[in-house]
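New notebook page. I'm opening a structure I haven't looked at before and jotting down what I look up as I go.

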Amino acid sequence: MYSSGPIPMLSYYSQPGVSSGTVQHHRDWEVDVSELDCLILDAKQAILHEQYRRFQELQQEKKWAEAMQQFQTTMSCASDLLNESLGLLERVIEKQRLKSQPPPPSAPPPAL
């Protein structure tokens with residue numbers, strides 16, 4: 001019915017002891033991902049992992065009604081993690097888009 005293997009883990013671009021991660025993107029873009037963003041994603045991933053572990057435990061115990069309730073909770077956590085990841089990706093893309101846009105013609109030249 002359901003795989004009993006480990007839940008696939010997403011990787012975020014944080015490195016231990018570093019205040020932010022750097023992500024290499026298409027066309028050699030470098031984008032900083034804040035430590036807070038990484039912590040939020042890591043926490044949501046840990047919550048998802050625990051919910052999935054609980055779901056598997058209920059399946060093994062053949063507690064089907066509880067397992068189905070836990071499955072809904074697990075899917076809700078997965079959705080939350082994916083939405084948070086998508087939001088971060090959208091912010092990174094928007095930030096990069098704004099960086100690559102030329103300034104409007106009426107704007108004064110940047111001070112040197």
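Entry 1. I started inside helix α1, where Glu50 and Arg53 sit 3 residues apart, about one turn of the helix. Worth keeping in mind: this is a predicted model. I checked the side chains of this pair and found a salt bridge, with the closest N and O atoms 2.5 Å apart.

Entry 2. Are these two buried or exposed, or something in between? I looked up Glu50 and got 38% relative accessibility, so I noted it as partly exposed. Arg53 comes out at 35%, so partly exposed goes down for that one too.

Entry 3. Which residues join Glu50 and Arg53 in a network of salt bridges? I wrote down Arg54 and Glu57 as the other members.

Entry 4. Next I wanted the count for the whole structure: how many salt bridges does it hold? I got 8. One of them ties together distant parts of the chain: Lys44 belongs to helix α1, which covers residues 35-60, and Glu84 belongs to helix α2, which covers residues 64-100. I put the separation of that pair at 40 residues. For Lys44 and Glu84, the closest N and O atoms are 3.4 Å apart. I also looked up how covered Glu84 is: its relative accessibility is 23%, and since buried means under 20%, Glu84 counts as partly exposed.

Entry 5. Then I turned to Glu61 and Lys63. Their side chains meet in a salt bridge, 3.2 Å from N to O. I have Glu61 at 39% relative accessibility, so it goes in my partly exposed column. Lys63 goes there as well, because its value is 37%.

Entry 6. Time to step back to the whole chain. What does it contain by way of helices and strands? I noted 2 helices and 2 strands. Reading along the sequence, I get β-β-α-α.

Entry 7. Now burial and surface. The protein chain has 112 residues, and I have 25% of them down as buried. The chain exposes about 8400 Å², with 59% of that supplied by carbon and sulfur atoms.

Entry 8. Last lookup: how contacts spread along the sequence. I took those between residues at least 6 apart, and 57% of them join residues at least 24 apart. The Lys44–Glu84 salt bridge from Entry 4, 40 residues apart, is the pair I'd go back to when thinking about links between distant parts of the chain.

Conventions: Residues numbered from 1 in each chain as written. Predicted model: local features only at pLDDT ≥ 70, side-chain atom pairs only at ≥ 80, totals over all residues. Heavy atoms only, no water. Buried < 20%, exposed > 50% of the residue type's maximum accessible area, 1.4 Å probe, protein only. Contact = heavy atoms within 4.5 Å. Areas by Shrake-Rupley, 256 points an atom, 1.4 Å probe, with all protein chains shown as cover. Salt bridge = Lys/Arg side-chain N within 4 Å of Asp/Glu carboxyl O.
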